[in-house]
Amino acid sequence: MKTVLGGAAADHTAPAQRSTPEGAPRRQGAREPAARTYARALPIVPVRARGLTIEGADSRRYLDCLSGAGTLALGHNHPVVLEAIRKVLDSGAPLNALDMATPVKDAFLDELVRTLPPSLAERARVRFCGPAGSEAVETAWALARAATGRSGLLTFTGAGRGGTAGVLDDPSANTRDTRMARLPYPQDYRCPFGVGGEHGADLSARWTASLLDDPGSGMPLPAGILIEPVQGEGGVIPAPDSWLRRMRQLTSDRSVPLIVDEMQTGVGRTGAFWAVEHSGVTPDVMVLSNAIGGSLPLAVVVYRDDLVTREPGTPADAFPGNQLAMAAGTATLAHVRENALADRAATLGARLLSQLRQLASDFGCVGDVRGRGLMIGVELVDPDGEGEPGFTGGTGTAEGGVAASVVPGSERRPLPAAPELASAVQRECLRRGLIVGLGGPHASVVQLLPPLTITDEQAAAVLDRLTDAVRAAARCRGGGAAAAP
């Protein structure tokens, strides 16, 4: 029974009825805003989980290739993570120690520094901040401002930290000369210059140099440049290694700190412990979150010691000392390192990419398959739409083979994004017991972020279910099955 109090409906349903898991999505919809992106796209109620598998309140089992947006490097409830958390709980240690030194924090810092690129580790300082990724980016930007005396930030189109970008773009910001510019990010399929390949990456680097050096560009020399080695929310787009090296040289020559966002790419996800290691680049600042907390909220900023300013610190966030997250993170970092799971991600990821590219031969609605390690994107397009005019096509293969023309020999003219078809593929995946994410231009890219512990058998099941989902969605939507098996 419901009554109206103050214009809102008050639910007087018996507590036992209200608490049933099956009714959770309805109650969530009544209490939370529409911004609950995952809940609306994936209407399941997880009640148990282990490894790659989630069990819903409906007793169905799902293969989870979302992995908490990449936070679950070892999958759900890995034994080493649970044991680390239990040890802290059983020890009676404080669960929140603010920014004070604790044995748990000390162990976390030891393991974290041990995994860093050696040229950064030997001079590394670690700043704990609030647990959200946007807070970590803002902390890194504030650090760069203090170190350089400048205020601007350069980032790239498709960058995933939209909340932070909104703050930086806010005209009411208290620093009047704050400016943020977004530069063209190099990619093959939707190259902003219409050429793709090494030529497109070269043009991106030239554009950046011109902006930095031209006093009439409207962008003063910035406090830093923020780069994702693989854009996640931007559509799983790997940056060419040669381009990253070029950006490192550009920033070094101009004394601009290079800030690398490794939130989604770190802890073995791309086939190296940190994605920046593929290029051999040592950044000035690394922004880390997601998997470093072993599934619990944790974010840190790692930076070179010569960026430290003499100014005293400001009051810290209330949650920089999450002991459970540090313990879980230490266990996760150590397990990934000791078991060479980054190498495993590289091998299995290359195999999955090769197999998934067959989708483009079978279905005209698959425009591109790309990624690095176990960070993979499948872009859905309208096969009946017109390709972008003036596109000359790339070489067909980006450096390292991390992105390639999915139809060998094609001119790679990008077709219009198909977000409705991508949503249909996501729904068909869910019907088949597979959880995937969406991102990229207009949310038209199906994202796969399985845990690094995924087995060969599970990978085969993921591939089969995704292929079947694309086939079903293509047939229902007239998605252009070119040679559907």
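This is a short dialogue on reading a sheet, a helix and a helix pair in a predicted model.

Q: Which strands form the open sheet, and in what order?
A: A sheet is read by following its strands from one neighbour to the next. Here four strands form an open sheet in the order S15-S16-S19-S18, with antiparallel pairing.

Q: Why is one side of S15 and of S18 left without a neighbour in the sheet?
A: Strand S15 (366-372) and strand S18 (437-439) stand at the edges and each has a single partner strand, so one side of each has no neighbour in the sheet. From one strand to the next, the twist averages 25°.

Q: How many bridges join S15 to S16?
A: Six bridges join S15 to strand S16 (residues 375-380), and the two run antiparallel; to follow one pairing by eye, start at Arg370, whose bridge partner in S16 is Gly377.

Q: What lies across S16, S18 and S19?
A: Helix H15 (residues 419-431) lies across these strands, running at about 165° to S18.

Q: Which residues of H10 are buried, and what covers them?
A: In helix H10 (residues 197-213), the buried residues include Gly200, Ala201, Ser204 and Leu211, while what covers the buried residues of H10 includes strands S7, S8 and S9 as well as helix H11.

Q: How are H13 and H16 placed with respect to each other?
A: For two helices, one looks at the crossing of their axes. The axes of helix H13 (residues 341-356) and helix H16 (residues 456-477) come within 11 Å and cross at roughly 25°; because angles under 35 degrees count as roughly parallel, H13 and H16 are roughly parallel to each other. Their crossing is right-handed, and among the residues that meet are Arg344 and Leu348 in H13 and Asp456 and Ala459 in H16.

Definitions and conventions. Residues are numbered from 1 along each chain as its sequence is written. This is a predicted model: local features need pLDDT of at least 70, side-chain atom pairs count only at pLDDT 80 or more; totals for chains, interfaces and linings use all residues. Side-chain values use heavy atoms; hydrogens and water are left out. Two strands pair if DSSP finds at least two bridges between them. Axes are lines fitted to C-alpha atoms, for helices over the stretch in contact, and angles run from 0 to 180 degrees between N-to-C directions. Contact means heavy atoms within 4.5 Å. Buried means under 20% relative accessible area, exposed over 50%, partly exposed in between (1.4 Å probe, protein chains only). Angles under 35 degrees count as roughly parallel, over 145 as roughly antiparallel, 65 to 115 as roughly perpendicular and the rest as oblique. A crossing is left-handed if the near helix is turned anticlockwise from the far one by less than a right angle, and right-handed if clockwise.
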